[in-house]
Structures are given as C-alpha cells and as structure tokens.
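Visitor: I would like to go through this structure with you and ask how each label is earned. Could we have it in front of us?

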Amino acid sequence: MYIYNLSAETLLYKWEALNFRPSATRSEISDFTMESIVALKAQIQRDIAKENAKRPQHRTMTTANTAMINRSRLPPNMHKGAAASQRSGVVPVKMEEGFGVPGPSTSSSVSFRGPPMDPSSRKSRSYRYMYEKVSERSEALDDRIDEFSDLIKEHYNVKDLGDPASSSDEDITVIGRIVHDSDTSDATLPKLTETSIALETTRATGGSRVALRFDAALTIRGGAQGAGGVGLFPGAIVALKGKNGGGGWFLVKEILSLPPLSLGLTHVKPDPEVNDTAFSTYIASGPYTPDADLLYKPWRALIKTLRTDKPSVVLLMGPFIDVQHPKIKNGETDMLPVGLFRSLFIEPLKSYLDSSPGSIAILVPSIRDLVSRQAVYPQGELGSDLTASDPRIHLLPNPARFSINDITFGVNNVDVVFHLRKEEHLTKGTEADSISPSSPDDTGVDSMANICRHLLQQRSFYPIFPVPLDLAHEVNLSVTHLTGLRLGDEIDNAPDVLILPSKLKQFSKAVHSTTAVNPSFLAKGTYAKLSVASRRSGMGLKERIKTEIVRLDA
C-alpha cells in the first residue's frame with residue numbers, strides 16, 4: 001500500500017476486482033493466499049506501467065547534480081528572468097546539498113568535537129537489544145570490577161586483593177559490587193539497610209556473594225570532607241578493608257573511597273590551537289509540552305528566547321515526541337512522529353540557526369523518543385535523515401562526551417539523579433584523609449552534590465545495577481554495552497560540565513573540578529544558561545564557567 005502510494009480503499013477495490021468469483025447461486029471474494037497476494041502485486045505493477053506509458057515525458061534528465069527546467073511550460077510572468085542564450089527552452093540549475101536549495105553555512109563561532117561518527121562507530125552504537133548471552137553479561141560486570149581493582153591497588157598502594165568469603169585472622173582488602181542480600185526480584189524490595197548489604201566479587205576472586213557487617217568504629221578513607229559517611233547503592237563498586245572471622249559475613253573496618261577523576265589536560269597544559277573564544281550555551285530537556293496538550297508552548301517560548309539572545313550553542317535533550325504523552329498514546333494527532341518532529345523542532349531550529357550565523361545545535365535522544373530507532377540505554381544518536389544532515393545540527397548518542405572549544409561536557413539523558421537518590425543508603429563513619437573541597441561550594445554535606453560525586457567516582461553515567469524493577473522502564477539497560485556508559489574519557493579525565501536532567505529540583509553544583517547541572521524539564525518551565533569566558537580572561541576554570549537556572553517567560 002505504501003510502496004505503490006495506494007489508499008486502503010483503492011487497495012480493497014483492486015483486491016475485490018481480482019478475486020471476485022461470480023456464480024449463479026452465490027458470488028464471493030476468495031480467501032487471502034500467498035498466490036493471490038503475488039497476483040495482486042503483479043496486477044498493481046501492470047496498472048502503474050500502463051498509467052506511466054500514457055503520461056507525456058516533458059523533462060530531460062542530465063547529470064545527478066543538475067535539475068532541468070522546461071521553459072515552455074513556465075507561466076508568462078516567469079519568462080523574463082530566463083537567459084537569452086537558452087533558446088532551446090531548457091535552463092540548467094545547479095542543485096545544492098539538502099532539499100535542492102542552497103546549503104547552510106558550515107562556519108561556526110565555536111569548535112565542536114564529539115564522539116566518532118565513522119560507519120563502524122555508528123553501527124556499534126545502533127546495536128540490537130537482547131541479542132546477548134548470559135556469559136557476555138557476566139563478563140561485562142566482571143570487567144567493570146577488574147578495572148577498579150587496578151585503580152585501587154595503585155591509589156592505595158595495595159599489593160594483593162583478597163576473597164571476602166575466605167576466613168582470615170588478618171585484615172585484607174577486597175573489592176566488589178554492592179548488592180542486596182536477597183535473591184528476591186520483587187518490585188517492592190526495600191532499600192539497602194545496614195543488615196541487608198552484601199558484596200559480590202568477580203569469578204577471578206571466587207565469584208562469591210558475602211553479607212557485610214560494619215564495625216562500630218568504621219573509617220571512611222579518602223571521602224569528601226564533611227560528608228561524615230559514604231552512600232552505598234546496588235551496583236556501586238567499593239573497596240573494603242576488614243576480615244571474615246568465619247561467621248558467614250565480612251566485617252568491614254574501613255571503606256576506601258574511589259579516587260576522583262583527574263582534571264583535563266586542556267586545563268593543565270592548554271593547547272594553543274584550540275579555539276579560545278567565549279561562548280554561551282542554552283540547555284533544555286524534554287518533555288517540551290505538558291501532558292494536557294500537544295501545543296508545545298514551552299518549546300515555542302524557548303525558540304523566541306533563542307532568536308532574541310542568539311546563544312552560540314543550543315543543547316536539546318529528548319524526549320521530543322514523547323511515547324508516554326497521554327494524547328500521543330491515545331492517537332490524538334493526525335501527523336506521524338517524524339513529521340511532527342520535523343515541523344515542531346527541526347524547522348524552527350533551522351530558522352533560528354539561519355538567523356544566528358555561527359551558532360550550532362546539539363540533539364541528544366531519550367529512550368522515550370518515538371523518532372529514535374532505539375529504546376534501550378546506552379542509546380545511539382538520532383538518524384541524520386531527520387535533519388537532512390544539516391552540518392549545524394550535531395546528533396549525539398545518550399549518554400555522550402563532547403567538547404566545545406576547550407571545555408569538555410558529559411550529558412546523560414536518563415534520570416540517574418532521582419534513581420540514586422531513591423536507592424542510596426548512607427553509612428556513617430569517621431573521616432580519614434578526606435579530600436579537601438576544590439571551592440567553597442564543593443562541600444560533602446550537600447546531598448545533591450554527593451549524588452553527582454557518585455557518578456564521577458564510579459566513572460559511569462549509570463552505576464546502579466540491577467535497575468530497580470519499578471524504574472526499569474525508564475532505563476532499559478543493556479548490560480553487555482556498559483562500556484557505552486563510561487563517564488571518563490580515554491585518559492580518565494573528568495568532564496568540566498556534567499548535565500543531568502532530573503525530575504528533582506533544578507540545581508547547579510560544584511563537585512571536584514566539575515560543574516554538575518540539572519536543568520529540570522522544559523515542560524516544568526525551566527532551562528539552564530551556561531556562559532564560558534575565554535582563557536585570556538586570566539580566570540581559573542571554576543570562575544570561567546557561570547551557570548544560571550532560568551524560568552521561561554510566561
């Protein structure tokens with residue numbers, strides 16, 4: 001029906017005409033069979049061929065880059081602009097990239113660098129979900145613990161790691177993953193408590209699951225100053241010091257905090273070739289319209305603001321066309337998702353970029369996006385066909401690392417802040433060798449900053465495992481692709497800006513060398529502004545980056 005551009009009614013008529021069996025006593029339409037479907041397809045093709053043969057051919061095709069205009073069929077008022085030399089009635093017109101109109105300028109006022117976009121990298125991000133083996137899942141989980149084993153050994157000068165399931169008279173250092181000390185998969189499983197926490201190790205160190213008990217004089221080493229404890233949650237990789245006295249559990253005397261990510265080399269040793277101009281970024285996250293309607297008033301208001309302020313970068317995160325929107329679920333729209341996305345977002349965005357030469361836009365999908373090919377996390381970028389490969393619009397996967405000039409960004413379009421807040425259990429202890437705050441705002445007493453600190457220390461955009469059953473539909477986590485959730489770059493550097501949209505109250509927090517931003521959702525009326533000064537200003541990294549949470553004008 002779609003291939004031959006036929007309506008459902010026309011297709012029904014053709015089927016009835018082909019398969020009608022008249023009879024003196026009873027006339028009927030024969031049943032569907034594979035042979036009758038093949039015959040119907042052949043009949044449609046014959047009908048189309050006959051129609052095409054009757055049509056006069058007026059246009060002559062030349063090269064792939066040239067469109068031909070037949071002047072003899074032009075209205076009289078359009079003949080004046082034709083060149084006198086084209087007496088044959090056919091004028092060649094050069095076609096540009098895109099939709100046959102002159103392409104947009106590719107020059108930009110900022111330098112953008114994103115993940116690799118070669119065919120192999122794009123294919124690896126557009127993987128098929130659930131085509132995996134149990135052994136591959138377990139290997140991916142073990143690999144994550146093994147990576148931290150080397151990190152802990154080097155940072156704390158530990159020679160050997162032990163097995164928490166083995167009884168010992170002396171204290172040993174162990175590393176593993178925090179899990180709930182229960183095998184139930186009930187969605188109502190309670191949060192972790194002091195008596196329900198267990199440690200799961202890799203198969204290389206025994207592959208055991210051992211219950212944990214915390215000493216009354218527990219020490220927290222290397223944590224944030226002023227925290228007074230450490231947050232634990234399912235999936236957290238931890239290093240513990242203590243012993244198993246044979247009672248069926250491991251007594252934890254000391255928690256060795258994971259070291260933070262390092263500061264990027266672009267700030268330790270600036271690259272003179274990197275663009276050093278000041279720039280501004282506007283950051284907004286979907287949904288872009290309230291559940292009550294599909295008018296997209298918050299998005300239209302933001303577009304007006306963009307046309308007035310003309311920021312250098314616009315970062316938009318999905319969902320754009322939300323599969324969970326009540327009116328879309330009920331089918332209360334006449335447009336297809338792709339058409340809706342192009343008319344609501346791409347066309348206004350291109351119009352804005354035309355009015356602001358040098359600006360760029362960055363789009364990050366959500367697993368709730370109807371226009372995305374994937375509903376799994378980590379998630380590949382949107383298809384370039386949606387934007388007609390406009391060079392001013394950059395399509396990124398979810399999550400992603402990228403840089404603008406010398407400032408590095410990390411963006412995660414899953415509400416990990418809310419999930420961590422829900423699952424975290426705070427274990428109290430005495431601080432030792434605490435990390436001093438990098439700025440007056442970087443304190444260990446701020447609960448939201450500590451949530452962001454988990455991501456940086458765990459080096460993952462989503463360190464929770466397993467995903468709570470009541471929240472699993474918001475993530476659709478692919479365990480075998482955990483490498484796509486790595487937060488650190490190739491040399492384990494922290495992003496300068498970490499963007500974490502969440503249903504929790506919007507915030508901007510300083511965490512070590514990183515500025516963490518929650519712009520909340522545009523449907524709630526808020527977005528974020530980010531202003532970055534040039535290195536030539538003489539200010540430090542923290543002073544160069546200014547963030548502001550803005551409420552939309554009514």
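Visitor: Why does Q458 count as buried?

Guide: Happy to start there, and please keep in mind that this is a predicted model. Buried means under 20% relative accessible area. Q458 has 6% relative accessibility, so Q458 counts as buried.

Visitor: Where is the place of Q458, and what does Q458 touch?

Guide: Q458 sits in helix α10. Setting aside residues up to four places away in sequence, Q458 touches R144, F148, F233, G235, A236, I237, L258 and P463.

Visitor: What makes the approach of the Q458 side chain to I237 a polar contact?

Guide: A polar contact needs a pair of N or O atoms within 3.5 Å, one able to donate a hydrogen and the other to accept it. The side chain of Q458 reaches the backbone nitrogen of I237 at 2.9 Å, so the distance meets that cut-off.

Visitor: What makes α10 mostly covered?

Guide: Of the 12 residues in α10, 11 are buried. Among them are M448, I451, L455 and Q458.

Visitor: How does the reach of α10 compare with the expected value?

Guide: Helix α10, residues 447-458, spans 17 Å from its first C-alpha to its last, which is close to the 16 Å expected at 1.5 Å a residue.

Visitor: What is found at the two ends of α10?

Guide: The N-terminal end is capped by D446, with a side-chain oxygen 3.0 Å from the backbone nitrogen of M448. Just after the helix, R459 takes a positive phi of about 60 degrees.

Visitor: Why are α9 and α10 called roughly perpendicular?

Guide: Their axes come within 10 Å and cross at roughly 105 degrees. Angles of 65 to 115 degrees count as roughly perpendicular, and α9 and α10 are therefore placed in that class. The α9 side of the contact is made by V416, V417, L420 and R421, and the α10 side by S447, M448, I451, H454 and L455. By class, that contact has six nonpolar, two polar and one charged residues.

Visitor: How do you know whether N412 is buried or exposed?

Guide: The cut-off for buried is under 20%. N412 has 0% relative accessibility, so N412 counts as buried. N412 lies in the loop between β17 and α9.

Visitor: Which backbone oxygen lies 2.9 Å from a polar atom of the N412 side chain?

Guide: That oxygen belongs to F461. F461 is also one of the residues that N412 touches, a list including Y377, N398 and P501.

Technical notes: Residues numbered from 1 in each chain as written. Predicted model: local features only at pLDDT ≥ 70, side-chain atom pairs only at ≥ 80, totals over all residues. Heavy atoms only, no water. Helix = DSSP H or I, 4+ residues; strand = E, 2+ residues; numbered from the N terminus. Expected span 1.5 Å × (residues − 1). Buried < 20%, exposed > 50% of the residue type's maximum accessible area, 1.4 Å probe, protein only. Axes fitted to C-alpha atoms, helices over the stretch in contact; angles between N-to-C directions. Parallel < 35°, antiparallel > 145°, perpendicular 65-115°, else oblique. Contact = heavy atoms within 4.5 Å. Nonpolar A, V, L, I, M, F, W, Y, C, P; charged D, E, K, R; others polar.
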